[in-house]
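Colleague: Could we go through this structure together? I would like to start with one pairing and work outwards from there.

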Amino acid sequence: MLGTTAGPICGIGEAMSVWWHDVDRERPNCTVQSPGAKGKKARSVPLSDAAMEMIDALDTEKDHDYLVINKRTTKPYTAIAKRWQRIRARAGREFRRGQD
């Protein structure tokens, strides 16, 4: 998730749809396309220092358009519900939505 020091302001699905050209390192923010949202408009999301560090640590910029890709298929993720459930189960955590 992308967010500020106050907390996440971008959902997992939105974060998975961010392209490298949407990231502005000078102002730290990114443009989030929200085709599934009610307004279906792009919006600017300010990025915290921690979010920028995570983005800078990604190794997809040279070879892919999206920040987050499935390394096995080399395509962007479309959903992570099953993976989120497996991670949660391994950690012994109760059900929580991805954005919680």
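**Strand pairing and the core**

Modeller: To begin with one pair, Asn29 stands opposite Pro46 in S5. Please keep in mind that this is a predicted model.

Colleague: In which sense do S4 and S5 pair, and over how many bridges?

Modeller: Strand S4, residues 29–32, pairs with S5 in the antiparallel sense, and four bridges are found between them. Another pair of facing residues is Val32 and Arg43, the latter in S5.

Colleague: What is the strand order of the open sheet?

Modeller: The order is S3-S4-S5, an open sheet of three strands with antiparallel pairing. Its edge strands are S3 (23–24) and S5 (43–46), each of which pairs on one side only.

Colleague: And how many bridges join S3 to S4?

Modeller: Two bridges join these antiparallel strands. Val23 stands opposite Cys30 in S4. S3 and S4 form a hairpin, with four residues between them.

Colleague: What holds such strands together in general?

Modeller: Strands of a sheet pair through backbone hydrogen bonds, and the pairing may be parallel or antiparallel.

Colleague: Let us move to the interior. Which residues form the largest nonpolar core?

Modeller: That core has 11 residues: Val18, Trp20, Val23, Cys30, Val32, Val45, Leu47, Ala51, Met52, Ile55 and Leu67. Two or more residues each come from S4 and H2. H2 gives the most, with three residues.

Colleague: So some of the facing residues turn up again there?

Modeller: Yes. Val23 and Cys30, which stand opposite each other, both belong to the largest nonpolar core. Val32, which faces Arg43, is also one of the core residues.

Colleague: What share of the residues is buried overall?

Modeller: Buried residues make up 28% of the 100 residues in the protein. The protein exposes about 7400 Å², of which carbon and sulfur atoms supply 52%.

Colleague: A change of topic: how many aromatic pairs are there?

Modeller: The count comes to one aromatic pair. Trp19 and Tyr66 form this pair, which is tilted, with 4.6 Å centre to centre and 40 degrees between the planes.

Colleague: Why does the pair tie together parts that are apart in sequence?

Modeller: Trp19 lies in the loop between helix H1 (12–16) and S3, whereas Tyr66 lies in the loop between helix H2 (49–57) and S6, so the pair ties together parts that are 47 residues apart in sequence.

Colleague: How is Trp19 classed, buried or exposed, or in between?

Modeller: Trp19 is partly exposed, because its relative accessible area is 27% and the buried class requires a value under 20%. Tyr66 is partly exposed as well, at 21%.

Colleague: What fraction of the contacts is long in sequence terms?

Modeller: Among contacts between residues at least 6 apart in sequence, 43% join residues at least 24 apart.

Colleague: Which residue other than glycine has a positive phi?

Modeller: Thr74 has a positive phi, near 60 degrees. Thr74 is found in the loop between strand S6 (69–70) and strand S7 (75–76). With 46% relative accessibility, Thr74 counts as partly exposed.

Colleague: Finally, how many helices and strands does the protein have?

Modeller: There are three helices and seven strands. From the N terminus on, the elements run β-β-α-β-β-β-α-β-β-α.

Note on methods
Residues numbered from 1 in each chain as written. Predicted model: local features only at pLDDT ≥ 70, side-chain atom pairs only at ≥ 80, totals over all residues. Heavy atoms only, no water. Buried < 20%, exposed > 50% of the residue type's maximum accessible area, 1.4 Å probe, protein only. Contact = heavy atoms within 4.5 Å. Areas by Shrake-Rupley, 256 points an atom, 1.4 Å probe, with all protein chains shown as cover. Pairing = 2+ DSSP bridges. Phe/Tyr/Trp six-rings, centres within 6.5 Å; stacked < 30°, edge-to-face > 60°. Core = buried A, V, L, I, M, F, W, Y, C linked by side-chain atoms within 4.5 Å.
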